[in-house]
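Visitor: I should be grateful for a close look at one helix packing in this model, followed by an account of its surroundings.

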Amino acid sequence: MNRNLSLIYRRLYSYFGPQHWWPAQSPFEVMVGAILTQNTSWVNVEKAIANLKKRNFLSPEMLYNLSNAKLAKIIKPAGYYNIKAKRLKNFLNFFIEHYQGDISKMASKDTESLRKELLEVNGIGPETADSILLYALKKPVFVVDAYTNRVLLRHGLIKEGAGYDKIQKLFTRRLKKNTKFFNEYHALLVKLGKEFCLKKKPRCSICPVKS
DNA sequence: GACCAGGCACATC
DNA sequence: GATGTGCATGGT
């Protein structure tokens with residue numbers, strides 16, 4: 001397994017090169033983007049983030065004090081805007097009340113307990129929590145997503161219905177726990193999905209073959 | 001017009 | 001524990 005996953009990584013990296021993730025100007029922008037991109041294409045998230053920036057709302061204090069209704073209107077292009085406004089506010093309440101909106105305070109907490117805290121916030125699930133840990137706080141945590149699932153399934157490395165934690169352990173148990181490596185690996189899987197997946201194209205080389 | 005996108009919570013069985 | 005459903009925009 002270790003060798004398979006290492007091989008996949010090497011081939012992706014030599015084909016696509018470094019991905020320079022996460023595409024954001026600050027750790028806080030990563031956190032916001034991680035929530036906005038839930039089941040949503042990144043181009044739509046970019047529009048929502050551009051709206052926030054245009055109005056100078058992209059800071060913990062500004063978002064914390066914004067009403068749900070106003071926030072929903074601003075992030076509309078990202079879809080699910082009512083529920084995402086709530087989720088963002090839930091996260092902001094947590095971030096301000098527990099860490100005073102201070103990234104470095106949050107980053108100084110040990111990774112395991114911080115992950116648990118994040119998962120207790122309504123609207124933050126495993127992928128969003130891990131994206132925040134890896135891409136905003138630079139913790140060596142592997143992010144699993146829909147593309148990861150498809151690629152591993154296609155290559156027979158997992159069974160259908162494998163859960164998040166199980167897939168994540170494939171990566172974290174045997175591979176080196178390195179932030180830069182996990183950063184690049186997840187980004188490359190997404191790149192692969194965006195370029196070649198899949199459902200859209202008649203002969204997807206990534207999705208499981210349907211009999 | 002159908003299908004999809006860098007999930008998650010909640011209801012129901 | 002597994003399965004189903006709502007949430008919603010914008011691109012292909």
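Guide: This is a predicted model, and the pair chosen for the close look is helix 2 (residues 27-36) and helix 3 (residues 42-54). Their axes come within 10 Å of each other and cross at roughly 130°. An angle over 145 degrees would count as roughly antiparallel, and 65 to 115 as roughly perpendicular, so a value outside these ranges and not under 35 is classed as oblique. Helix 2 is therefore oblique to helix 3. The hand of this crossing is right-handed.

On the side of helix 2, the contact is formed by Glu-29, Val-32, Gly-33 and Leu-36. Helix 3 answers with Val-45, Ala-48 and Ile-49. Sorted by class, the contact between helix 2 and helix 3 comprises 5 nonpolar residues, 1 polar residue and 1 charged residue.

A second pair may be set beside this one. Helix 10 (residues 146-154) packs against helix 12 (residues 179-196) at an angle of about 80°, and their axes lie 9 Å apart. Helix 10 and helix 12 are therefore roughly perpendicular to each other. From helix 10, the residues that take part are Tyr-147, Thr-148 and Val-151; they meet Leu-189, Val-190, Leu-192 and Gly-193 of helix 12. The contact of helix 10 with helix 12 has 5 nonpolar and 2 polar residues, and no charged residues.

Helix 12 also leads to the nucleic acid. DNA strand B is surrounded by 27 residues, and the closest are Gln-38, Asn-39, Gly-125, Glu-127 and Thr-128. Two or more residues of this surface come from each of helix 9 (126-136) and helix 12. Helix 9 gives the most, with 4 residues. By class, the surface near DNA strand B divides into 12 polar, 10 nonpolar and 5 charged residues.

These parts belong to a chain whose elements are helical: chain A has 12 helices and 0 strands. Its radius of gyration is 18 Å, close to the 17 Å that the globule rule gives for 211 residues, so chain A is as compact as a globular protein of that length. Taken along the principal axes, the C-alpha atoms of chain A fill a box of roughly 50 × 40 × 30 Å.

To return to the part requested, helix 2 and helix 3 form a right-handed crossing, with Val-32 and Leu-36 among the residues that helix 2 brings to the contact.

Terms used: Residues numbered from 1 in each chain as written. Chains lettered and ligands numbered in written order. Predicted model: local features only at pLDDT ≥ 70, side-chain atom pairs only at ≥ 80, totals over all residues. Axes fitted to C-alpha atoms, helices over the stretch in contact; angles between N-to-C directions. Contact = placed C-beta atoms within 7 Å. Nonpolar A, V, L, I, M, F, W, Y, C, P; charged D, E, K, R; others polar. Left-handed = near helix turned anticlockwise from the far one by under 90°. Near = placed C-beta within 6 Å. Rg over C-alpha atoms; globule rule 2.2 N^0.38 Å.
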